[in-house]
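Let's take a friendly walk through a protein model together. Keep the picture open beside the text and look for each part as we come to it.

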Amino acid sequence: MNEALAHIFSDCASAPGAFGCGVRLPDRTSRVKSFHPDCTTGSLEKTLLHLTSATSMLASHDLAGHRMAWQFTGGKLFVTTRADGALFCLITRGGADAGDFFDQMTARFLVSD
Amino acid sequence: MDDEPDFLRVVTETFADLSGGRWVMHRANSADAALEILKSQKIDLVVVDINMPTLDGVQLLRILSRRHPELKKVTLTGFATEAKRNECLANGAELFIEKPRTSQGFRSVFVMLEELVTWTPKKGFQGMLRQVGLSDVIQMECLGRNSSVLEIQNRQLRGRVYIEEGNIIHATLADEHGEKAFQKLLALTGGEFKLLPFEAPEIRTIEGSWEFLLMEAARVADELASQAPAETVPAEAETPAPSAAAEEAAPDVVVAETLICSAKGEPMYQWQCADVLARTTMLQTVSQQAGLLAQSLPLGTFERLEILQASNRSLALIGHDRMVFVRVASLTLAP
């Protein structure tokens, strides 16, 4: 993991309701970080896989967004993709709104290659 | 109107077939020719190619909006860009469509145009959010869990609906407030409305689900409409032309597309959805993917997906019995 990405992961710990975060790279490898015992590395990797598949499907419907937010009753998954196909995800729990925080991380992620 | 004679011929022949002879079409290869036809014929709909020599489609739209404000206008282009789309919509086009290249594409365009021709404006509300009704805007705000104030006015009355995080919490109309004011506002047959940033009202007078409130308001509006002779409230007479100030204050977003379908993907309602099948397929896939995500993480039940794009905000809501897709478009250019 490059330094910029490591810093983003580290800073994600201070996101409101931080639960976990991860990146799936164009070479199909992934890097994940958990901020809570209930958030396992395995579940984060599965999540990245599903998000990659969903994002690709949405792109085929012209719905690739610079920010996607999957809202669940108990938390939220923020997702963005870089031009090279890398996908970054931040997962938060509870009702805290981490949208602005995620936008700040996204700005850094987009130039982190 | 198009300066490509072959395209004009193909499109008129195809639409003649698809309409079963119901459509009477006039061809024009220039803006001048189109304006001449409009002088002598009663026309319901004009379809304009925006890339024309001399007087281009956008300039023609401006002229048509001024001279024939009642005319429905659609722009076609072979090179669609977001900037062009915004320019066309801002100059009075109801639809901005990419030129079809396949028989399925022609059929889709035909369906959209026929929908537009047969569409009856929701009584009187115009200018601010073309072709979108009050209840559509309220529904969009509630679905998006937004906070905003919807200000509604006509010549006699001014009212407000307060929406906080997707809940309708207060409404005022002259001296009235609460559900009664809300219902009366929804029953108005003409006027203008605009979305303002949320500000907390001094009191909260409304509780309950927005779906119920909208249904109840629709019922009351139907009752009022059935009691009053239509001639007593002529929508056009009551509707003031949007003032210059109002135009300046016009919101820069419009609801661009709505689709509601059953959980099985059967369409129940759609508005300006170019490809219903593709959208329902997308919603079903979102539902499946959300199910997989819910299995991976202990985050509870999936509620909705929000997608932010440069000029659009889309919401996909997955309920146990229905799925909803709403796309809101910005009329201003993204930075």
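Which residues of β4(A) point one way and which the other way, and are they buried or exposed? Before answering, note that this is a predicted model. On one side of β4(A) you will find G75(A), L77(A), V79(A) and T81(A), while K76(A), F78(A) and T80(A) point the other way. Every one of these residues is buried. Such a pattern has a simple background: in a regular strand, side chains alternate between the two faces of the sheet. Because 7 of the 7 residues of β4(A) are buried, this strand is largely enclosed by the rest of the structure.

What pairs with β4(A)? One partner is β3(A), joined to β4(A) by 5 bridges in the antiparallel sense. Within this pairing, Q71(A) has K76(A) as its bridge partner. The two strands make a hairpin, with 2 residues between them. Another partner is β5(A), which is antiparallel to β4(A) and shares 7 bridges with it. Here T80(A) is matched with F88(A). The hairpin of β4(A) and β5(A) has 5 residues between its strands, and in it G85(A) adopts a positive phi near 100 degrees. As general background, strands of a sheet pair through backbone hydrogen bonds, either parallel or antiparallel.

Now let's cross from one chain to the other. β3(A) also pairs with a strand of chain B: β11(B), residues 302–308, runs antiparallel to β3(A), and 6 bridges link them. In this pairing, R67(A) finds its bridge partner in L308(B).

How many residues does each chain bring to the contact? Chain A gives 25 residues and chain B gives 24 residues. On the chain A side, α2 (41–60), β3 (67–72), β4 (75–81) and β5 (87–93) each supply at least two residues. The most comes from α2(A), with 8 residues. Sorted by class, the side of chain A that touches chain B has 10 nonpolar, 11 polar and 4 charged residues.

Next, look for the nonpolar cores. In soluble globular proteins, nonpolar side chains tend to be buried together. The largest nonpolar core in this model has 81 residues, and those with the most contacts inside it are W70(A), C89(A), L90(A), V161(B), F182(B) and L185(B). Take F182(B) as an example: leaving aside its neighbours within four places in sequence, F182(B) is in contact with V161(B), I168(B), A171(B), I206(B), L213(B) and A217(B). Another core, of 19 residues, lies apart from the largest one, and among its members are A34(B), L60(B), L61(B) and A93(B).

Let's end in chain B. Its secondary structure comes to 11 helices and 13 strands. Of its 335 residues, 31% count as buried. Among contacts in chain B with a separation of 6 or more, 58% join residues 24 or more positions apart.

Chain B also holds an open sheet of 3 parallel strands, in the order β1-β2-β3. Its edge strands are β1 (45–49) and β3 (95–98), each pairing on one side only. Neighbouring strands of this sheet are turned by 25 degrees against each other on average, direction ignored. Between β1(B) and β2(B), residues 72–77, there are 5 bridges, and V48(B) has T75(B) as its bridge partner. Finally, find helix α3(B), residues 57–67: this helix lies across β1(B) and β2(B), running at about 155 degrees to β1(B).

Conventions. Residues are numbered from 1 along each chain as its sequence is written. Chains are lettered from A and ligands numbered from 1 in the order in which they are written. This is a predicted model: local features need pLDDT of at least 70, side-chain atom pairs count only at pLDDT 80 or more; totals for chains, interfaces and linings use all residues. Two strands pair if DSSP finds at least two bridges between them. Helices (H or I, at least four residues) and strands (E, at least two) are DSSP runs, numbered from the N terminus. Axes are lines fitted to C-alpha atoms, for helices over the stretch in contact, and angles run from 0 to 180 degrees between N-to-C directions. Two residues are in contact if their C-beta atoms, placed from the backbone, lie within 7 Å. Ala, Val, Leu, Ile, Met, Phe, Trp, Tyr, Cys and Pro count as nonpolar, Asp, Glu, Lys and Arg as charged, and the others, Gly among them, as polar. A nonpolar core is a set of buried Ala, Val, Leu, Ile, Met, Phe, Trp, Tyr and Cys residues joined through C-beta atoms within 7 Å. A residue is buried if 20 or more other C-beta atoms lie within 10 Å of its own, exposed if 12 or fewer, and partly exposed in between; C-beta atoms are placed from the backbone.
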